[in-house]
Amino acid sequence: MLLGILKESSLGETRVALLPENLKSLLAQGIAVAVESGAGISAGASDAAYAEAGATITADRSSILTSADLIPVVNTPGAADQALLKSGAIVIGFLRPLDAPATLATAIALHVTLFSMELVPRISRAQSMDALSSMATVAGYKAVIDAAGSLPRLFPMLMTAAGTIPPARVFVIGAGVAGLQAIATARRLGAVVEAYDVRAAAGEQVRSLGAKFLDVDLGGIATEGGGGYAAELTEEALDRGRDLISQTAAHSDVIITTAQVPGRPAPRLIRRAAIEAMRPGSVLVDLAAPAGGNCELTRPGVTQSLGGVILMAPMNLPAEVPVHASQLYARNILNFLSLIVKKGEFSVDLGDEVLAGACVAHKGSPVNPRVAKLLETSQSIG
Ligand code: NAD
């Protein structure tokens, strides 16, 4: 059995799916590992380190694609790469099956088995495979660091002989994994932090980090969907959140916004008027940019200055911290692989709830019903 590790080809991607230190248990089971030259370099892993761990290094990317039985990736390989995969091969990674299902069509047609790290069920047994949480943790931290780097003010309160400097005021919207890490990071830097989330359960976590939770009366509607995620809200309920956000934005130096509803465009929570009410020099980091953004002025991937307010909309913050982002992601991948790698063989048991939940396609057909429906729609439109 051959496991292949590719150099990620998406623009700006610096992470790698497995690091040299992750190979030991695989090699011990007699699995061969082929690594594309340079695959780990941005993540601090040289070709020599992979070779020392027992992998074979090759500059021939196609040879890995055509011969590997299993390829863990960070992002979906492009269509030309997919076309080289062998039938029955397994690909595991952030495959974006709900927002870009059509990009998987070539691999599905070739009977490649696809597992999406986004679809790993959020149950306790799969916590160590929760790559969304790992990456959200990195993104939440980096968003605050980037905001602090751009803010023309200091974060902590300073009492000096030249006077007292008040602490920065940070407002975090969406107190899920990324939001909670943003709160913790901003608090460590000495900011005063407020946070808002539609899930009342987030309130306790926010307060335990020393931040103030802002409650909005949403009229008793259900705000939680499945798996601990938020439900999609009505326009009326969203409006109540928007009003609170506008009021809070006016006195915030930094806004970190992370609100998302899985499989849906990000809720538009921040109106133009809220940005206009912020002081010049304030910074807003829209972590929901990959899903369209939480701010109506967000342009995904573009940093704008709007009347002196900096609006950042990063598309891939974990790739800006590639060493630790890769370390966490690779551990998640390795834990997921433990469900597939059995005594040196790769076997897919869709009776396993975690594998079934994460499986996008197997033997030429979509397994996940939502993906099947989306693919049907995209084919009928195409
Ligand atoms: P996410 O990235 O989908 O959303 C981020 C946050 O945005 C969530 O807290 C959500 O409630 C919030 N949000 C959505 N719409 C909003 C709106 N209109 N206004 C304000 N906030 C809004 O979610 P996530 O961070 O990946 O996870 C959310 C929660 O899931 C966690 O806090 C946790 O409770 C749960 N979770 C469970 C597991 C597990 O069981 N293994 C793992 C990770 C997270």
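**Helices, ligand shell and selected residues in the predicted model**

Helix α7 is mostly covered, with nine of its 12 residues buried. In this predicted model, α7 comprises residues 177-188 and extends 17 Å from its first C-alpha to its last, close to the 16 Å expected at 1.5 Å a residue. The buried positions of α7 are Ala178, Gly179, Leu180, Gln181, Ala182, Ile183, Ala184, Thr185 and Ala186. The cover over these buried residues includes two helices, α6 (131-150) and α8 (202-208), together with the strands β9, β10 and β12. Just after α7, glycine 190 adopts a positive phi of about 100°.

A further helix, α9, spans residues 235-249 and therefore holds 15 residues, reaching 20 Å between its first and last C-alpha atoms, which is close to the 21 Å expected at 1.5 Å a residue. Buried residues in α9 are Ala237, Leu238, Gly241, Arg242, Leu244, Ile245, Ser246, Thr248 and Ala249. Because an α-helix has 3.6 residues a turn, residues three or four places apart point the same way. The elements that cover the buried residues of α9 include β9 (169-173), β10 (192-196) and β12 (254-257), as well as α10 (272-277); β9, β10 and β12 are likewise among the elements that cover the buried residues of α7.

Within α9, leucine 238 was examined individually. The relative accessible area of leucine 238 is 12%, and the residue is therefore classed as buried, the cut-off for this class being under 20%. When residues up to four places away in sequence are not counted, leucine 238 touches Leu233, Pro267 and Leu269. Leucine 218, which is 20 residues from leucine 238 in sequence, lies 8.6 Å from it in space, C-alpha to C-alpha.

The ligand is surrounded by 23 residues, of which Arg122, Asp130, Val177, Asp197 and Arg199 are the closest. By class, this shell consists of 11 nonpolar, eight polar and four charged residues. Polar contacts to oxygen atoms of the ligand involve both side chains and backbone: an N or O atom in the side chain of arginine 122 lies 2.9 Å from a ligand oxygen, a polar side-chain atom of arginine 199 is 2.7 Å from an oxygen atom of the ligand, and a polar backbone atom of valine 177 is likewise 2.7 Å from a ligand oxygen. On its own, the ligand has 830 Å² of accessible area, and the protein covers 85% of this area.

Two residues outside these helices were also considered. Threonine 58 is located in strand β3, which comprises residues 56-58, and its side chain reaches the backbone nitrogen of aspartate 60 at 2.8 Å. With neighbours within four places in sequence left aside, threonine 58 is in contact with Val35, Glu36 and Ser37, and also with Ser63 and Ile64.

Glycine 301 belongs to the loop that lies between β13 (283-286) and β14 (304-306). Its relative accessible area is 52%, so glycine 301 is classed as exposed, given that this class begins over 50%. Glycine 301 nevertheless touches Ala313 and Met315 when residues up to four places away in sequence are not counted. The C-alpha atom of glycine 301 is separated by 21 Å from that of serine 326, a residue 25 places away along the chain.

Note on methods:
Residues numbered from 1 in each chain as written. Predicted model: local features only at pLDDT ≥ 70, side-chain atom pairs only at ≥ 80, totals over all residues. Heavy atoms only, no water. Helix = DSSP H or I, 4+ residues; strand = E, 2+ residues; numbered from the N terminus. Buried < 20%, exposed > 50% of the residue type's maximum accessible area, 1.4 Å probe, protein only. Contact = heavy atoms within 4.5 Å. Near = heavy atom within 4 Å. Polar contact = N/O pair within 3.5 Å; in protein donor to acceptor, adjacent residues only side chain to side chain. Areas by Shrake-Rupley, 256 points an atom, 1.4 Å probe, with all protein chains shown as cover. Nonpolar A, V, L, I, M, F, W, Y, C, P; charged D, E, K, R; others polar.
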